Amino acid sequence: MASSHDLERQNNDSLSALSSKVSALRSVTNDIYANARDQGVIDSTSETFSTMTTSMKGSARRLGVMARNGDKVAVMKVAGIIVVSVVVLWWIVGWIW
């Protein structure tokens with residue numbers, strides 16, 4: 001027959017093993033939560049890019065309509081703005097790095 005000390009030691013060993021499993025489960029739960037939160041950020045970013053793509057398609061369509069209607073001055077202004085924007089951005093990025 002096992003003594004009370006042996007039973008207490010077995011109980012403590014089982015309790016330690018259970019505590020280790022609970023800690024592992026808590027860690028996995030926190031990782032799942034962090035991953036889900038990051039997934040929300042990814043979904044939000046994806047939605048933002050989708051909106052930007054739709055906006056750019058609309059702008060390109062309007063630019064095409066202007067070009068077809070013969071409004072060459074407006075097309076040249078837009079082209080100039082785009083070229084100047086790219087050059088300024090290039091200059092800023094070159095200045096930073």
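If we search the whole structure for salt bridges, counting a side-chain nitrogen of Lys or Arg within 4 Å of a carboxyl oxygen of Asp or Glu, we find 1. Before I go into that contact, please keep in mind that this is a predicted model, in which local features need pLDDT of at least 70 and side-chain atom pairs count only at pLDDT 80 or more, whereas totals for chains, interfaces and linings use all residues. Residues are numbered from 1 along each chain as its sequence is written, and side-chain values use heavy atoms, with hydrogens and water left out.

The salt bridge joins the side chains of Asp 13 and Arg 9, at 3.6 Å from N to O. Both residues belong to helix α1, residues 4–68, where they sit 4 residues apart, about one turn of the helix; helices here are DSSP runs of H or I with at least four residues, strands are runs of E with at least two, and both are numbered from the N terminus. An α-helix has 3.6 residues a turn, so residues three or four places apart point the same way. Asp 13 is partly exposed at 44% relative accessible area, and Arg 9 is partly exposed too, at 46%, where buried means under 20%, exposed means over 50% and partly exposed lies in between, with a 1.4 Å probe and protein chains only.

Let me turn to the chain as a whole, which has 2 helices and 0 strands. Its radius of gyration, taken over C-alpha atoms, is 32 Å, well over the 13 Å that the globule rule (2.2 Å times the number of residues to the power 0.38) gives for 97 residues, so the chain is more spread out than a compact globule. Along the principal axes, the C-alpha trace spans about 100 × 35 × 10 Å, and buried residues make up 2% of the 97 residues. Two C-alpha distances give a feeling for the layout: Gln 39, in helix α1, is 30 residues from Asn 69 in sequence and 45 Å from it in space, while Val 73, in helix α2, is 43 residues and 58 Å from Asn 30.

What does helix α2 look like in terms of length and burial? At 1.5 Å a residue, its 25 residues should span 36 Å (the rule is 1.5 Å times one less than the number of residues), and the end C-alpha atoms are indeed 36 Å apart. The number of buried residues among those 25 is 1, so α2 lies largely in the open.

That brings me to Trp 91, which is placed in α2, residues 72–96, and is exposed at 58% relative accessible area. For aromatic pairs, the rings of Phe, Tyr and Trp (its six-membered ring) must have centres within 6.5 Å, and planes under 30 degrees apart count as stacked, over 60 as edge-to-face and the rest as tilted; by this rule there is 1 pair. It consists of Trp 91 and Trp 95, stacked at 6.4 Å centre to centre with 10° between the planes. These two residues are separated by about one helical turn, being 4 residues apart in α2, and Trp 95, like Trp 91, is exposed.

Both tryptophans also contribute to a nonpolar surface patch of about 1,100 Å², whose other members include Val 84, Leu 89, Ile 92 and Trp 97. Such patches take residues with over 30% relative accessible area and no salt bridge, joining nonpolar side chains (Val, Leu, Ile, Met, Phe, Trp, Tyr) within 5 Å and like charges within 9 Å.

Definitions and conventions:
Areas by Shrake-Rupley, 256 points an atom, 1.4 Å probe, with all protein chains shown as cover.
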